[in-house]
Amino acid sequence: MADQEKLFTTEEERAEGARERIEALRREIEHHTYLYYALDKPEISDAAFDSLMRELRELEHEYPQFITAASPTQRVGGYVGEQFAPVAHAQRMYSLDNAMDLDELATWMGKVEEDLGFFPELDCELKIDGSSIALTYEGGVLVRAATRGDGVTGEDVTANMRTVRDVPLRLRAEALGAVEAPSIELRGEVYMPKASFDRLNAVAEANGKAPFANPRNAAAGSLRQKDPKITEKRDLATFLYAIADDAALSVEGQFQLLEWLRSAGFHVNPDVSTAKSANEVLEFCQKVQEKRGNLPYDIDGVVVKVNDFALQRRMGFTARAPRWAIAFKFPPEEKTTLLRDITVQVGRTGVLTPVAELNPVLVAGSTVSRATLHNLDEVHRKDVRIGDTVIVRKAGDVIPEVLGAVDSLRPADAKPWEMPAVCPSCGSPVIHEEGEVAYRCISLECPAQRLERLAHWVSRGAMDVDGMGDEIIARLVDEGRVTDVADFYSLSADELALLDMGRVAKDGSPITLGRKTAEKLALALEASKGRSFARVLFGLGIRHVGKNTAEWIAAVFPSMEALRAADEEALAQVEGVGPKVAHSVYLFLRTPGNGEVIERLEKLGVSMADAADGTGDELPQCLAGMTFVLTGSLVESGMTRDEAGEALKARGAKVSGSVSKKTSFVVAGEAAGSKYDKAVALGVPVLDEAALLRILETNEPPVV
Ligand code: AMP
């Protein structure tokens, strides 16, 4: 018994020893993290640091009861979930007022002096170009990290911020004495160092992914990852510079706050200066501007703050920003570079946009190699020519802009640039309407406009091909099965069923569209063949021809044949159609290739004319606004449920697969199942097959 007791004590003693060692290791690791990040004066090698971490990890593995959330081993946690929880800021996170140049900055300082009656000590800091972050510590331990959001409510990004190495998981014991509240909220900026940004983009490019535009976007994106393991790899860093409520800390001013933050273990930017005159502030701004490019992170200005907290309180806030601080924003940066070429991009709607192809140049923190020139008028107004040395301007996050050319460096043979006569995407003649800036390609066969045109054709207001979504269209295009709208009608259900959706199942086999969906789609395509001529006209996507205009035109010219025979003048006579629309329709029908697509549509069975009575073969939309659910089998008529659904939809109804309170009617055939029960439970009226057939015959809504 005595022996056993002794053994027990030994075990306990060993655990106690481990607990002490764990705590000592944590303190040691935190101390070196502090030396490394806060003081920038590491004392031990990376290898020695890693060795301390390894020992801690092993001990915690053996004694998991001693693991705490603040342990340096616990930085990277699990998945965040679908959404970041909202965090209501106890103190609003303000934005800053801007001074756009040194004169505005001087004016602000003049006002401060006037308000206070003397020139106060001003604290000058770099304006870090990242995302605002608020870190809350309770009892010295990090409990929450939140983004600014709209200033009132932010998002909880604790799991991700914990992975940022320079954020202490607990405050250094030495600094706790100054803390006056159980909870303290500290604020700063989380950013991505330029080197990490370059690495990240190099990897993105190697994987064929779109690169981030600048380090600020990359930092914001990294902060909002669902998986903290990804955030961890992004190499984010912070600079802390503020406290939410200065009553929580016994410090008197901004400069002192920065020193305390450093002593508590935070990464604090070293480039700070206290100024006693306006001149000293302006000098600081100028100096920073000169060395801006050499800093390892992006900045977009200088923040000047009244140092004394008591004075800050006296000055207070406006609705959006403190009165005691201002952000001096650097003016946009300008660089010169060679305009190698002007290329033309064809947009989804057929508009041609000239694009400047530049020798890559670093402007305001990011490399610029292309810039839009918007349109031909712009190119002429700026008079930029291929071979010119051009001036490129960019302000921080703003899209780069070509300002103009350096005339004296223009090569002798440089000619004014003109739009190509044919579309660079499909070779069709380019159209330029009088009084319009844009140049366009209006070919039905243009690859650049393909997806847009195909999606428009099947859309609700046009041919209304139910189920033909963007993803299926994109796959049909990628597989080379559909290039223009007529190709839709050469697809069989068999072929659709085998369409490779570009994804693989768990067992590695390719996912195809599948028989059920394919049959529905084939039915929907078939049903669309009989749509009114107005819908066909609208579906073709002729410029200026919206849904109403198409109806007005079809009322006078109810067939393609009649429309083709009409000249511009006759078209312009149509009520609601002016010369502009008339010209557009006329031109469209005569654009090479368009006639051929229309002919193929007709050959494949798409109606190009309304019925003789001029009403079109469209059915009365007697079921508009109603939702039907079908269940059971329709034995009397022998219709499949899909066919019955199409018939209801042709009369304006929506057909849904499940019963809810919003369902207007449930049609129950033989052997109706749970949908019937649900309808009864929800009090949704149930129709039998006879009632369904009555609707289809009379084209009148059901009576209940
Ligand atoms: P803005 O978003 O342009 O209104 O600028 C205000 C933002 O600048 C603040 O919300 C901070 O996120 C950021 N900022 C960067 N560096 C500092 C700094 N040293 N002091 C205060 N704010 C800063």
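How far apart should the ends of helix H3 be, at 1.5 Å a residue, and what is the distance between its end C-alpha atoms? That is a good place to start with this predicted model, and the points below go on from there to a second helix, the ligand and a few loop residues.

1. Helix H3 takes in 15 residues, 102-116. Counting 1.5 Å a residue, the helix should span 21 Å, and the C-alpha atoms at its two ends are indeed 21 Å apart, so the expected and the computed lengths agree.

2. Now look at which side chains of H3 face inward. Leu105, Trp108, Met109, Val112 and Leu116 are the buried residues of this helix. Because they cover an arc of only 100 degrees around the axis, they sit on the same side of H3. If you turn the helix to view the face pointing away from that buried side, you will find the exposed residues Asp103, Thr107, Lys111 and Glu114.

3. Helix H6 can be checked in the same manner. This helix has 13 residues, 194-206, and at 1.5 Å a residue it should span 18 Å; the end C-alpha atoms are 18 Å apart, which agrees.

4. The buried residues in H6 include Ser196, Phe197, Leu200, Asn201 and Ala204. Their arc around the axis is only 130 degrees, which means they lie on the same side of H6. Val203, Glu205 and Ala206, on the other side of H6, are exposed.

5. Next, the ligand. It is surrounded by 14 residues, and the closest of these are Ser95, Glu125, Ser132, Arg148 and Glu189. Sorted by class, the shell has six nonpolar, two polar and six charged residues.

6. Where in the fold does this shell come from? Strand S3 (122-128) and strand S10 (299-306) each provide at least two of its residues. S3 gives the largest share, with four residues.

7. Three polar approaches to the ligand are worth opening in your viewer. Glutamate 125 places a polar side-chain atom 2.8 Å from a nitrogen atom of the ligand. Lysine 305 also has a polar side-chain atom 2.8 Å from a ligand nitrogen. For leucine 96 it is a backbone N or O atom that matters, lying 3.4 Å from an oxygen atom of the ligand. On its own the ligand has 500 Å² of accessible area, and the protein covers 86% of that.

8. If you are interested in cysteines, please have a look at cysteine 426. This residue is in the loop that runs between strand S16 (401-405) and strand S17 (431-432). Its relative accessibility is 29%, and since buried would need a value under 20% and exposed one over 50%, cysteine 426 counts as partly exposed. The C-alpha atom of cysteine 426 is 8.0 Å from that of alanine 448, although the two residues are 22 residues apart along the chain.

9. Two backbone angles deserve a second glance. Alanine 671 is not a glycine, yet has a positive phi of about 55 degrees. You will find alanine 671 in the loop between strand S23 (665-668) and helix H24 (674-682). With 72% relative accessibility, alanine 671 counts as exposed.

10. The other angle belongs to asparagine 699, again a residue other than glycine with a positive phi, here near 55 degrees. Asparagine 699 is part of the segment that comes after helix H25 (689-698).

Technical notes: Residues are numbered from 1 along each chain as its sequence is written. This is a predicted model: local features need pLDDT of at least 70, side-chain atom pairs count only at pLDDT 80 or more; totals for chains, interfaces and linings use all residues. Side-chain values use heavy atoms; hydrogens and water are left out. A residue is near a molecule or strand if one of its heavy atoms lies within 4 Å of it. A polar contact is a pair of N or O atoms within 3.5 Å; within protein, one must be able to donate a hydrogen and the other to accept it, and residues adjacent in sequence count only if both atoms are side-chain atoms. Accessible areas come from the Shrake-Rupley method with a 1.4 Å probe; for residues, only the protein chains shown count as cover. Ala, Val, Leu, Ile, Met, Phe, Trp, Tyr, Cys and Pro count as nonpolar, Asp, Glu, Lys and Arg as charged, and the others, Gly among them, as polar. The expected span of a helix is 1.5 Å times one less than its number of residues. Buried means under 20% relative accessible area, exposed over 50%, partly exposed in between (1.4 Å probe, protein chains only). The arc is that of the directions from the helix axis to the C-beta atoms.
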